[in-house]
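Trainee: I should like to look closely at one part of this protein, the part where its strands lie side by side. Could you please take me through it step by step?

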Amino acid sequence: MTSAVRPPARILLVDDHALVRRGVRLILDAEPDLEVVAEAGDGAEAVAAARRDDGLDLAVLDIAMPRMTGLQAARELARLRPGLRILMLTMYDNEEYFFEALRAGANGYVPKSVADRDLVEACRSALRDEPFIYPGAETALIRSYLDRARSGAGLPERPVTEREEEILKLVAEGHTSKEIGDLLFISPKTVERHRANILQKLGLRDRLELTRYAIRAGLIEP
């Protein structure tokens, strides 16, 4: 008597570059236990896809995307589909993003530079609900953690709220207060208030400095 073959894990792949999605899809679809069943070009599309399909097992999200970043989408997906495993795919090899990914509800992240080597194992770890730290990152992360512990600091705090981060990103992308208000269902006056708070919190003077900050923070691409 043969045991039933387990169906492959159903994956949502999210990246704003079609070429990247194609390459990642080739890597994942080559594995018998993994299958990309849906794609999205930004975080907002990813959330919409998850609303349509409650049978998804894993979301693989790029960090820097237009409209809604991967980290913003991860927070929303974690609230919307608590059983959905999340993995971040990023150009940025940065410990801050690792901590931020964990805080957003992800199981870990993989730099695009090593995706061909580590992505499949990262997906399998996430599907087992285990954290994934790509080889080479452990030493830096442990050193950072120990430095923080010695200084009495916890995980790095987020400098702005989730709503402020949404507005910061959209302002940096060049949207007007009215356009942002329409996208987020708030008034332009509320947008302006948030914008002023963001500038004050981050010690920035104008849209140009705000845009530079957004690039450094991985909210938008240069």
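In which sense do β1 and β2 pair, and over how many bridges?

Mentor: β1 and β2 pair in the parallel sense, and six bridges join them. Two strands are said to pair if DSSP finds at least two bridges between them. Strands (E, at least two residues) and helices (H or I, at least four) are themselves DSSP runs, numbered from the N terminus. Please keep in mind that this is a predicted model, in which local features need pLDDT of at least 70 and side-chain atom pairs count only at pLDDT 80 or more, while totals for chains, interfaces and linings use all residues. Residues are numbered from 1 along each chain as its sequence is written, and side-chain values use heavy atoms, without hydrogens or water.

Let us begin with the whole sheet. The sheet is open and consists of six strands with parallel pairing, in the order β2-β1-β3-β4-β5-β6. At its edges stand β2 (34-40) and β6 (132-133), each of which pairs on one side only.

Now follow β1, which spans residues 9-14. On the β2 side, Ala9 of β1 stands opposite Leu34, and Leu12 has Ala38 as its bridge partner. The chain makes a right-handed β-α-β unit from β1, helix α1 (residues 18-29) and β2. A crossover is called right-handed if, with the strands pointing away from the viewer, the path from the first strand over the helix to the second runs clockwise. β1 also pairs with β3, again in the parallel sense, over four bridges. Along this side, Ile11 stands opposite Leu58 of β3, and Val14 has Leu61 as its bridge partner there. Because five of the six residues of β1 are buried (under 20% relative accessible area, with exposed over 50% and partly exposed in between; 1.4 Å probe, protein chains only), β1 is largely enclosed by the rest of the structure.

The next strand, β3, deserves particular attention. β3 covers residues 58-62, and five of these five residues are buried, so this strand too is largely enclosed by the rest of the structure. Its side chains alternate in direction: Leu58, Val60 and Asp62 point one way, whereas Ala59 and Leu61 point the other way, and all are buried. On its other side, β3 pairs with β4 (residues 85-90) in the parallel sense over five bridges. In that pairing, Asp62 stands opposite Leu89 of β4. Between the two strands the chain passes through helix α3 (residues 70-80), and this β-α-β crossover is right-handed.

Asp62 also carries an annotation. Asp62 lies in strand β3, and its relative accessible area is 2%, so it counts as buried. The UniProt record, an unreviewed entry, has the annotation "modified residue: 4-aspartylphosphate" covering Asp62. Such annotations may be inferred rather than shown by experiment; their positions are given in the numbering used here, and feature names are shortened.

Beyond β3, the chain enters the loop between β3 and α3, where Arg67 lies. What is notable about the backbone of Arg67? Its phi is positive, about 65°, although Arg67 is not a glycine. Arg67 has 40% relative accessibility, so it counts as partly exposed. The C-alpha of Arg67 is 6.9 Å in space from that of Ala44, although the two residues are 23 residues apart in sequence. Ala44 belongs to helix α2 (residues 43-52), and with 24% relative accessibility Ala44 likewise counts as partly exposed.

A further residue, outside the sheet, may be set beside Arg67. Phe185 is a residue other than glycine with a positive phi, near 60°. Phe185 is found in the loop between α8 (177-184) and α9 (188-202). With a relative accessible area of 77%, Phe185 is exposed, whereas Asp62 in the sheet is buried.

To return to your question, the six bridges between β1 and β2 form one part of a parallel sheet of six strands, in which β1 has β2 on one side and β3 on the other.
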